[in-house]
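Biologist: I would like to learn how to read a protein model feature by feature. Could you take me through one?
Modeller: Gladly; here is the one we will use.

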Amino acid sequence: MKHIVVGISSGIAAYKTLDLVKVLQAEGHEVKIIMTHSALQMISVDEVKTKTGLTPITELYPADFSYPEILKKKRVEHIDIATEADLFVISPATANLVAKMAHGIADDFLTTTLLATNAPVLVCPSMNTTMWFHPTVQQNLKTLESYGYMIMQPTSGDLACGTSGIGRLPEPEDIFTEVQHALDIQETMKDKTVLVTAGGTVEPIDNVRSISNRSSGKMGLAIAEVAYRQGAKVILIHAQDVVATYLPIKQYSFQTAQELYDLMEQYVPQVDIIFHTAAVADFTVDKQNRKIESDQELTLELKPTAKIINQIKKWNLEAMLIGFKAVDGITEGNLEKAKDKMKTANADLMVINDISRTDIGFGADDNEVQILKKDGTLEKIAKTPKKQLAAQLLLITSVI
């Protein structure tokens with residue numbers, strides 16, 4: 001049994017959501033319904049009670065609201081619901097509600113509860129076709145995707161406004177399939193410990209200068225957050241300038257490749273899955289313990305660093321290893337290099353990303369990758385926000 005919160009806003013198709021609730025109840029899940037004020041214009045509280053047996057929550061401040069009682073009991077209803085929830089389903093999600101969620105507006109029970117939860121959120125938009133394609137709506141949906149929200153695309157057909165096109169709320173059974181999919185991922189991850197490395201190593205030349213890699217750490221942070229929200233225990237080993245203070249997870253920082261090596265040697269034996277996204281410098285130098293003057297020529301002698309990824313399975317043979325390979329263009333030669341790296345490291349998956357493009361990869365909020373599997377097959381994930389990509393990567397790991 002899971003605790004599922006169903007949020008209903010004022011789409012014409014709101015009545016369909018009651019059938020979804022009945023399916024969820026039949027599957028043994030405990031469901032709570034939260035309705036916006038506008039949703040009450042579509043379906044009444046009595047109709048919800050009659051069809052589902054549940055009394056929807058509609059007021060942030062009910063008639064018997066008493067802040068002295070809250071202070072005395074130290075219990076706030078929307079916080080309790082947000083904390084207990086395993087999943088939120090917003091069906092239907094109007095353009096107005098999508099905008100509120102995207103911009104953190106919390107002016108009713110539903111939006112306030114959403115801001116207070118760490119549970120996954122499945123958003124099922126429904127609206128007029130022209131509204132759906134409006135740039136603001138599309139941008140707001142991209143923003144929600146960047147938060148890690150799952151967006152279920154509306155279907156095409158006749159709409160309540162008399163037009164025909166995309167914008168229909170998916171059928172309850174189709175939404176249930178997505179709900180079950182999200183719950184299955186949680187079930188897979190709940191007993192797992194996931195280690196994520198993020199950011200680039202820095203190799204000092206002297207007390208001022210260094211050599212490094214162009215890694216923002218965004219991909220690693222996205223994976224750490226999505227894994228945490230899906231119920232995994234997460235260990236994040238990050239570069240000093242890459243930190244996720246908003247996540248209540250174990251975090252350890254590194255500067256040099258050797259520091260990263262030492263941390264991984266310590267923690268890899270404790271985990272089930274490793275996402276090695278960190279950009280490890282291939283070379284280091286003998287540091288000068290002074291500032292080198294800039295008025296003289298300087299020759300650096302580069303020494304290769306240890307290939308950390310090749311040590312991971314030696315530290316923990318049972319762990320699943322997902323490596324990352326940056327390539328300058330998706331070519332046959334670069335794909336062969338990725339296959340070689342995967343074989344040498346005994347990795348279970350190799351994520352190949354093209355660093356020759358400026359719209360994805362290093363520093364960007366989006367990425368597009370090829371997933372190389374042990375059988376040699378490739379699965380492409382088209383350009384998408386990194387948190388959405390993280391969710392897809394976690395899904396792939398759950399089925400291999």
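Modeller: We will go from the whole chain to single residues, helices and backbone details.

Biologist: Where does one begin, and what is the secondary structure of the chain?

Modeller: Begin with the inventory, and keep in mind that this is a predicted model. The chain holds 14 helices and 19 strands. Its C-alpha trace spans about 80 × 55 × 45 Å along the principal axes.

Biologist: What share of the 400 residues in the chain is buried?

Modeller: Buried residues account for 51% of the 400. Another chain-wide number concerns contacts between residues at least 6 apart in sequence: 66% of them join residues at least 24 apart.

Biologist: Let me try a single residue. Is V6 buried or exposed?

Modeller: For a single residue, look up its element, its accessibility and its contacts. V6 lies in strand 1. Its relative accessibility is 0%, so V6 counts as buried.

Biologist: Which residues does V6 touch, not counting residues up to four places away in sequence?

Modeller: The list for V6 is T17, V21, L24, V31, K32, I33, I34 and V89. Separation in sequence and distance in space can also be read side by side: V6 and V243 are 237 residues apart in sequence and 33 Å apart in space, C-alpha to C-alpha.

Biologist: Now a helix. Which residues of helix 4 are buried?

Modeller: For a helix, list the buried positions and then ask how they are spread around the axis. In helix 4, residues 77-84, they are H78, I81 and A82. These residues cover an arc of only 100° around the axis, which is why they sit on the same side of helix 4.

Biologist: What covers the buried residues of helix 4?

Modeller: The cover includes three strands, namely strand 1 (3-8), strand 2 (30-35) and strand 3 (87-93), together with helix 6 (109-115).

Biologist: And pairs of helices? At what angle do helix 5 and helix 8 cross?

Modeller: For a pair, read the axis distance, the angle, the handedness and the residues that meet. The axes of helix 5 (residues 95-103) and helix 8 (residues 135-146) come within 9 Å and cross at roughly 45°. The two helices are therefore oblique to each other. Helix 5 passes helix 8 in a left-handed crossing. On the helix 5 side the contact is made by A95, V98, A99, M101, A102 and H103, and they meet V137, N140, L141, T143 and L144 of helix 8. By type, the residues of this contact are 8 nonpolar, 3 polar and no charged.

Biologist: How does helix 10 pack with helix 14?

Modeller: Helix 10 (residues 218-229) and helix 14 (residues 386-398) have axes 8 Å apart and an angle of about 60°. That angle makes helix 10 oblique to helix 14. Here the crossing is right-handed. K218, M219, A222, I223, E225, V226 and A227 of helix 10 meet K386, K387, L389, A390, A391, L393 and L394 of helix 14. This contact divides into 10 nonpolar residues, no polar and 4 charged.

Biologist: Let me read one more pair with you. Which residues of helix 1 and helix 2 meet?

Modeller: L18, D19, V21, K22 and Q25 in helix 1 meet E47, V48, K51 and T52 in helix 2. The residues of this contact are 3 nonpolar, 2 polar and 4 charged. As for geometry, the axes of helix 1 (residues 14-26) and helix 2 (residues 45-52) come within 10 Å and cross at roughly 35°. Helix 1 passes helix 2 in a right-handed crossing.

Biologist: Last, the backbone. Which residues does a cis peptide bond join?

Modeller: For peptide bonds, the angle to read is omega. A cis peptide bond joins S91 and P92, with omega about -10°. S91 is in strand 3, and so is P92. S91 counts as buried because its relative accessibility is 1%. Leaving aside neighbours within four places in sequence, S91 is in contact with G7, I8, T17, C124, L169 and I175.

Biologist: What is the phi of N346?

Modeller: Phi of N346 is near 60°, a positive value in a residue other than glycine. N346 is placed in the loop between helix 13 (332-345) and strand 17 (349-354). With a relative accessible area of 31%, N346 is partly exposed.

Terms used
Residues numbered from 1 in each chain as written. Predicted model: local features only at pLDDT ≥ 70, side-chain atom pairs only at ≥ 80, totals over all residues. Heavy atoms only, no water. Buried < 20%, exposed > 50% of the residue type's maximum accessible area, 1.4 Å probe, protein only. Helix = DSSP H or I, 4+ residues; strand = E, 2+ residues; numbered from the N terminus. Arc of directions from axis to C-beta. Contact = heavy atoms within 4.5 Å. Axes fitted to C-alpha atoms, helices over the stretch in contact; angles between N-to-C directions. Parallel < 35°, antiparallel > 145°, perpendicular 65-115°, else oblique. Left-handed = near helix turned anticlockwise from the far one by under 90°. Nonpolar A, V, L, I, M, F, W, Y, C, P; charged D, E, K, R; others polar.
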